[in-house]
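Let's take a walk through this model, one region at a time. Keep the structure open beside you as you read.

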Amino acid sequence: MISMLIQLQHSNKEAADQPGLPAVHLDSVSKVYEKGKVGVTALHEVTLSFAKGTFTAVMGPSGSGKSTLLHCAAGLDQPSTGRVLLGETDISRLQEPELTRVRRQQVGFVFQSFNLIDSLSVWDNVLLPQRLAGSRPDKKWAREVLDRVGLKGREGAYPGQLSGGQQQRVAIARALASRPEVLFGDEPTGALDLKTGTEVLRLLRDVVDSYGRTVIMVTHDAGAAAWADQVLFLADGRLVGKLESPTAQQVSERMMELKTE
């Protein structure tokens with residue numbers, strides 16, 4: 001617990017060093033996908049910032065561009081125009097393998113499909129990204145993270161021996177093991193039942209409140225979005241609204257408005 005507090009203090013000190021710098025900033029970002037001779041605009045000149053140490057949910061109707069926004073913000077896809085800043089780094093201008101290096105050092109990912117390696121134990125799954133990056137895993141920190149997500153004593157288990165909620169906890173521990181500045185979630189509770197999904201959302205909330213990290217999550221679930229500090233709404237590739245300190249009812253009402261507009 002003492003070392004966790006030290007880690008938290010260190011994270012908060014880093015944030016305090018540059019108080020005005022957002023964790024992620026999108027500057028007039030557009031994304032056009034070419035389909036034959038026709039270009040489909042998934043994002044249209046989106047400008048927004050995600051403050052450090054905050055939890056943001058991104059919502060919108062199907063085809064609104066929310067997953068594209070997440071992928072551009074995380075460096076998984078490059079915008080057609082505009083810039084994406086991860087801290088001070090303009091990741092929209094980076095080429096592989098530099099982009100891969102930055103993602104591995106500063107970004108964590110949690111998806112609806114847990115993306116665990118079935119033939120690897122919980123322990124080896126958690127340490128895998130650091131090993132792939134060629135860095136020496138911090139095993140002490142990895143054990144603390146596994147303890148924090150409620151998997152102490154399950155290090156030797158394999159994904160097939162775990163429930164869906166436990167597998168998602170492994171995925172979150174894997175994302176946190178490299179101490180990312182930003183954790184991106186793409187429907188992280190979409191494949192889980194209500195009780196298990198709530199446990200995962202509580203854990204993501206704790207990533208922000210206890211670790212001082214930034215969480216950006218795409219979801220279609222108003223209840224899940226209510227765990228966030230703010231909800232951003234997209235429609236037709238444009239940012240069309242925002243709710244601060246949202247309730248599930250407020251989110252549902254706004255989504256109904258978007259579907260009828």
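Start at a turn: S9 and S10 form a hairpin with two residues between them, and Asp236, in that turn, has a positive phi of about 55°. Keep in mind that you're looking at a predicted model. The strands on either side of the turn are S9, covering 230-235, and S10, covering 238-244, with Asp236 in the loop between them. They run antiparallel and are joined by six bridges. One of those pairings puts Ala235 across from its bridge partner in S10, Arg238.

What makes the backbone of Asp236 worth a second look? Its phi is positive although the residue is not a glycine. As background, most residues other than glycine have a negative phi. As for its surroundings, Asp236 counts as exposed because its relative accessibility is 67%, and the cut-off for that label is over 50%.

Now move to another hairpin, the one made by S1 and S2. Here too there are two residues between the strands, and Gly36 takes a positive phi near 70°. S1 and S2 pair in the antiparallel sense, over nine bridges. If you want a pair to click on, Val24 has Phe50 as its bridge partner in S2.

This hairpin belongs to something wider. S1 and S2 sit in an open sheet of four strands, ordered S2-S1-S4-S5 with antiparallel pairing. The edges are S2 (38-50) and S5 (89-90), each of which pairs on one side only. Further into the sheet, S1 (residues 24-35) and S4 (residues 81-86) run antiparallel and are joined by five bridges. Two spots let you check the register between them: Asp27 has Arg83 as its bridge partner in S4, and Leu26 stands opposite Val84 in S4. Then look for helix H2 (residues 66-74), which lies across S1, S2 and S4 and runs at about 120° to S1.

Stay on this sheet for two residues that touch each other. Ser30 lies in strand S1. Is it buried or exposed? With a relative accessible area of 8%, Ser30 is buried, because anything under 20% gets that label. Setting aside residues up to four places away in sequence, Ser30 touches Leu43, His44, Glu45, Pro79, Ser80 and Thr81.

Pick Glu45 out of that list. It is in strand S2, and its relative accessible area of 54% makes it exposed. So here you have a buried serine touching an exposed glutamate. Glu45 also has a backbone quirk: its phi is near 45°, a positive value in a residue other than glycine.

There's another backbone feature to find, and this one is in the peptide bond. Glu96 and Pro97 are joined by a cis peptide bond, with omega about 5°. For context, most peptide bonds are trans. Pro97 itself is in the loop between S5 and H3.

Follow the chain on into H3 and you reach one of the elements around the largest pocket. Which elements each supply at least two residues of the lining? They are helix H3 (98-106), strand S6 (107-111), helix H4 (122-132) and helix H6 (164-176). S6 gives the largest share, four residues. Altogether 16 residues line the pocket, and those nearest its centre are Arg104, Val107, Phe109, Pro129 and Arg174. By class, the lining has nine nonpolar, four polar and three charged residues. The space inside comes to about 460 Å³.

For the last stop, find Thr56, in strand S3 (residues 55-59). Thr56 is buried, with a relative accessible area of 1%. What is it in contact with, leaving aside its neighbours within four places in sequence? The list is Phe50, Val215, Ile216, Met217, Ala228, Gln230 and Leu232. You've met Phe50 already, as the bridge partner of Val24. There's a link back to the opening too: the C-alpha atoms of Thr56 and Lys242 are separated by 10 Å, although the two residues are 186 residues apart along the chain. That brings you back to S10, which covers 238-244, and to the hairpin it forms with S9.

Note on methods:
Residues numbered from 1 in each chain as written. Predicted model: local features only at pLDDT ≥ 70, side-chain atom pairs only at ≥ 80, totals over all residues. Heavy atoms only, no water. 1 Å grid on protein atoms, 1.4 Å probe; cavity = no way out; pocket = protein on both sides within 12 Å on 5 of 7 lines; lining within 4 Å. Points joined across faces, edges and corners; volume = space filled by probe spheres on them. Nonpolar A, V, L, I, M, F, W, Y, C, P; charged D, E, K, R; others polar. Pairing = 2+ DSSP bridges. Contact = heavy atoms within 4.5 Å. Axes fitted to C-alpha atoms, helices over the stretch in contact; angles between N-to-C directions. Buried < 20%, exposed > 50% of the residue type's maximum accessible area, 1.4 Å probe, protein only.
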